[in-house]
Amino acid sequence: MSLDLKNESDVKEYLENLGIEYRFGCYSEKKADVCHLLGDYLEGIKKDFEKAAKVYRSNCDDYGYAKSCLKYGNYSFLGKGRASNKGDPVKAYQYYEKGCELNDPDACLHSGLLLVSKSIPKEMKRDVPKAFEYLKKACSMNNANACFYLSGMHISGVLKDEFNTPKVKEELEQKEKVSPGSSASLLPEGAYVVERDMHKAFEFAYKACELRNMYACANLSQMYAKGDGTTKDEKKAEKYKQMAMEMQDEIKKQQQLTFQQGLNAT
């Protein structure tokens with residue numbers, strides 16, 4: 001018997017049966033992938049975020065299902081599925097880290113971004129070297145955003161906290177204006193946690209662009225135009241500029257389509 005999507009009772013019955021199937025697969029058969037689907041069902045169909053959060057957390061803790069660790073990390077960060085609705089970045093990081101250890105690229109990305117953040121909660125310690133390793137792991141698993149962030153870190157370099165002060169930044173900016181590329185001489189060896197390296201910046205930007213990160217393609221175009229980290233090549237600069245513009249147009253069209261769908265909803 002085929003499902004008639006225009007028949008409300010048919011759809012309702014189908015969704016109820018789907019929930020029963022997921023519960024059986026999760027609680028009776030103890031299948032981690034089905035438990036995750038149950039969490040998605042509770043979230044997307046039932047809109048019961050509190051129960052969804054419990055399923056994601058249990059599936060991460062009990063079965064080591066990476067995507068559920070990521071999901072519960074997101075819930076914790078946003079305060080979703082909690083009575084207080086207050087986010088808990090510390091708990092979020094714990095689950096992102098676990099998800100990363102279980103090889104989820106998005107969990108590695110979020111672990112890295114939290115650790116490198118300057119607005120990190122006081123209960124956590126900012127750890128750029130560790131964040132850098134998490135981002136590299138995410139990039140190695142083809143996470144475009146991680147590759148893009150790594151490129152940016154190599155473009156500007158990341159200073160150690162003792163050198164990352166407004167006074168030092170001002171001196172470096174003035175030096176760079178007078179003599180581009182000479183600002184590094186103001187700093188002692190080992191001042192950077194992540195060294196400025198345009199060759200590595202280019203490599204990460206190239207990979208991120210190939211993975212369809214629009215901003216990486218735009219940066220890649222500039223690198224080819226200026227010969228930063230690679231050989232100057234005007235044709236390739238134009239090629240990647242066009243790629244970035246095409247991606248931007250795709251995003252605009254998708255946003256417009258979503259908006260129109262919202263207008264047509266009854």
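The exercises below concern a predicted model, and each is followed by a worked solution.

**Exercise 1. The largest pocket**

Find how much space lies in the largest pocket, which residues are closest to its centre, and which elements supply its lining.

Solution.
- Step 1. Start with the volume: the largest pocket holds about 480 Å³ of space.
- Step 2. Turn to the residues around it. The lining consists of 17 residues, and those closest to the centre are Ser156, Gly157, Val158, Leu159 and Lys169.
- Step 3. Assign the lining to elements. At least two residues each come from helix 8 (144–156), strand 1 (158–159) and helix 9 (166–178). Helix 9 gives the largest share, with four residues.
- Step 4. Sort the lining by residue type: seven residues are nonpolar, six are charged and four are polar.

**Exercise 2. Two aromatic pairs**

Classify the pair of tyrosine 72 and tyrosine 95, then do likewise for phenylalanine 202 and tyrosine 224.

Solution.
- Step 1. Two values are needed, since a pair of aromatic rings is described by the distance of the centres and the angle of the planes.
- Step 2. The structure holds nine aromatic pairs. In the pair of tyrosine 72 and tyrosine 95, the ring centres are 4.7 Å apart and the planes stand at 75 degrees, so the pair is edge-to-face. The cut-off for that class is an angle over 60 degrees.
- Step 3. Place this pair in the chain. Tyrosine 72 belongs to helix 4 (residues 66–78) and tyrosine 95 to helix 5 (residues 89–101); the two are 23 residues apart, and the pair links distant parts of the chain.
- Step 4. Check the accessibility. Tyrosine 72 has a relative accessible area of 10% and is buried. Tyrosine 95, at 7%, also counts as buried.
- Step 5. For phenylalanine 202 and tyrosine 224, the distance is 5.4 Å centre to centre and the angle between the planes is 90 degrees, an edge-to-face pair.
- Step 6. This pair, too, links distant parts of the chain: phenylalanine 202 is in helix 10 (residues 198–210), tyrosine 224 is in helix 11 (residues 214–226), and 22 residues separate them. Both phenylalanine 202 and tyrosine 224 are buried.
- Step 7. Extend the view beyond the pair. Phe202 and Tyr224 belong to one aromatic cluster with Tyr206 and Tyr240.

**Exercise 3. Lysine 80 and the start of helix 3**

Work out which ring lysine 80 lies over, and how far glutamate 50 is from glycine 81 in space.

Solution.
- Step 1. Lysine 80 lies over the face of phenylalanine 49, at 4.6 Å from the ring centre.
- Step 2. Glutamate 50 is part of helix 3 (residues 49–63). Its relative accessible area is 47%, so glutamate 50 is partly exposed.
- Step 3. Compare sequence and space: glutamate 50 and glycine 81 are 31 residues apart along the chain, while their C-alpha atoms are separated by 3.9 Å.

**Exercise 4. A buried charged residue**

Locate aspartate 104 and identify the backbone nitrogen that lies 2.9 Å from a polar atom of its side chain.

Solution.
- Step 1. Aspartate 104 sits in the loop between helix 5 and helix 6 (105–116).
- Step 2. With a relative accessible area of 5%, aspartate 104 is buried, given that the limit for this class is under 20%.
- Step 3. The nitrogen in question belongs to the backbone of alanine 107.

**Exercise 5. Positive phi outside glycine**

For lysine 30 and arginine 212, give phi, the position in the chain and the exposure.

Solution.
- Step 1. Lysine 30 is not a glycine, yet its phi is positive, about 55 degrees. Lysine 30 occupies the loop between helix 1 (8–28) and helix 2 (32–44). Its relative accessibility of 53% makes lysine 30 exposed.
- Step 2. Arginine 212, likewise not a glycine, has a positive phi of about 70 degrees. The loop between helix 10 and helix 11 contains arginine 212. At a relative accessible area of 49%, arginine 212 is partly exposed.
- Step 3. The two classes are told apart by the cut-off, since exposed means over 50%.

**Exercise 6. Two residues of helix 7**

Are tyrosine 134 and glutamate 133 buried or partly exposed?

Solution.
- Step 1. Tyrosine 134 and glutamate 133 both lie in helix 7 (residues 128–140).
- Step 2. Tyrosine 134 is buried, at a relative accessible area of 11%.
- Step 3. Glutamate 133 is partly exposed, at 45% relative accessibility.

Conventions. Residues numbered from 1 in each chain as written. Predicted model: local features only at pLDDT ≥ 70, side-chain atom pairs only at ≥ 80, totals over all residues. Heavy atoms only, no water. 1 Å grid on protein atoms, 1.4 Å probe; cavity = no way out; pocket = protein on both sides within 12 Å on 5 of 7 lines; lining within 4 Å. Points joined across faces, edges and corners; volume = space filled by probe spheres on them. Nonpolar A, V, L, I, M, F, W, Y, C, P; charged D, E, K, R; others polar. Phe/Tyr/Trp six-rings, centres within 6.5 Å; stacked < 30°, edge-to-face > 60°. Buried < 20%, exposed > 50% of the residue type's maximum accessible area, 1.4 Å probe, protein only. Lys NZ or Arg CZ within 6 Å of the ring centre and 35° of its normal. Polar contact = N/O pair within 3.5 Å; in protein donor to acceptor, adjacent residues only side chain to side chain.
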